[in-house]
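Hello,

Here is the structure I said I would pass on. My notes on it follow below.

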Amino acid sequence: MKKIMALIAAALLSAAFVFAEKEKLDFDYEAPKMDKNGAFYIDAKEFKGRKIEGLLIVNYSDFNDIAYDAYVHSPLTQKWEFLGSAVLKGFGDRIVVGRDYENLPDYRYFAIVPQRTDDFDFEIEKNKQGLFRKALISVEIRSPDYIMEESPKPKISEKNAYVTREEEIPSKAKKDIMIINRTDRREISVKVFGYSKKQVKWIPLGTVDTKVTVGQNALKMKNAKIENFYYFAFSGVDQWEYSFDVEKGNLLVTVR
C-alpha cells in the first residue's frame, strides 16, 4: 500500500513539475533568424482564435516538383526544430506538416525554407477545419502570375474552357455530374475535365450531349469520385457561363 501511495505521489510530483516547466515558458521573444537562404517566417501570434495543429503548404505556382522544409522555434531548446518537408508535384498540390510534433499548438514561430531558390511569393492565412478542430496555417506558394488572384486556378489548353474555383463546387456533391442546358441552342455538347488530386493534372472525364427531349443529361462518375478532383473544367463551342448547385448528391451544372 505504501509503495502504491509512493508511486502516486511521484506521478503527481512529476506532473506538477511538467506543468510548472510549461508555465515558465516565455513566448514573448523575438525569434532568431535561420542560417538558411530564402527562409520565410510566420508568427502564429498574429492569428486570432483557435490554436494551430500544423502547416498546410500549397503550390499555387506553375512550377512542378518544388520542395519546402518547415521548422518551428522551440522555447525549450532555443533552436529551430525540423517539422517536415513538403514536395509539391504541381499546381494545387498540398501537404500538411507538423501534426505529429508534440505541443505544436503552444509554439509561436514557424519558418518555411525553399530547397531551391525561385521567384515566389507567399500568401498566409489561418484555415478552420471544423467546429471542434484546431486550425491550420495555410502557406500558399505563388509565382507572379497568381500573386493578386483571390482563388488561383490551373491553366488548361482546351478552347472556351471554364475552370472552376475550388470553393465553387458544393461539398455535398458526391455522385454524378448533371448538365442543364439554358443556352439559346436546342442541343449542346459539353466536354468535362477534372483536375486530379492524386496525379495533379487535368483528366478528361467525358462529354455530355443534351438533347431536345431531355432536360438534363448526366456524366456518370463510374471510375472516379467528384471529391477526387480539386477543380473541374467545362468547354463547348462558345464561351458559356456556368453555375453550380447540388441535388440528391449530384453536381448540377447549369450552362447559360
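**Hairpin, sheet and pocket**

Strand β15 (residues 242–247) runs antiparallel to strand β16 (residues 250–255), and six bridges join the pair. Please keep in mind that this is a predicted model. Within that pairing, Asp245 has Leu252 of β16 opposite it. The two strands make a hairpin with two residues between them, and there Lys248 has a positive phi near 55°.

Next, the sheet. Four strands make up an open sheet with antiparallel pairing, and their order is β9-β14-β11-β12. Its edges are β9 (162–163) and β12 (202–209), each of which pairs on one side only. At the β9 edge, the partner is β14 (residues 229–235), and the two are held in antiparallel pairing by two bridges. One facing pair there is Val163 and Ala233, the latter in β14. As a general point, side chains in a regular strand alternate between the two faces of the sheet.

Strand β14 also matters for the last item, the largest pocket: β14 supplies three residues, the largest share of the lining. The volume of this pocket is about 370 Å³. Its lining counts 14 residues, and those closest to the centre are Glu166, Ile169, Ser171, Lys197 and Phe229. What classes of residue make up the lining of the largest pocket? Seven are nonpolar, six are charged and one is polar.

Regards

Terms used. Residues are numbered from 1 along each chain as its sequence is written. This is a predicted model: local features need pLDDT of at least 70, side-chain atom pairs count only at pLDDT 80 or more; totals for chains, interfaces and linings use all residues. Side-chain values use heavy atoms; hydrogens and water are left out. Two strands pair if DSSP finds at least two bridges between them. On a 1 Å grid over the protein atoms alone, a cavity is a set of points where a 1.4 Å probe fits but cannot get out, and a pocket is an open set with protein on both sides within 12 Å along at least five of seven lines; lining residues have an atom within 4 Å of a point. Grid points are joined across faces, edges and corners, and a volume is the space filled by probe spheres set on the points. Ala, Val, Leu, Ile, Met, Phe, Trp, Tyr, Cys and Pro count as nonpolar, Asp, Glu, Lys and Arg as charged, and the others, Gly among them, as polar.
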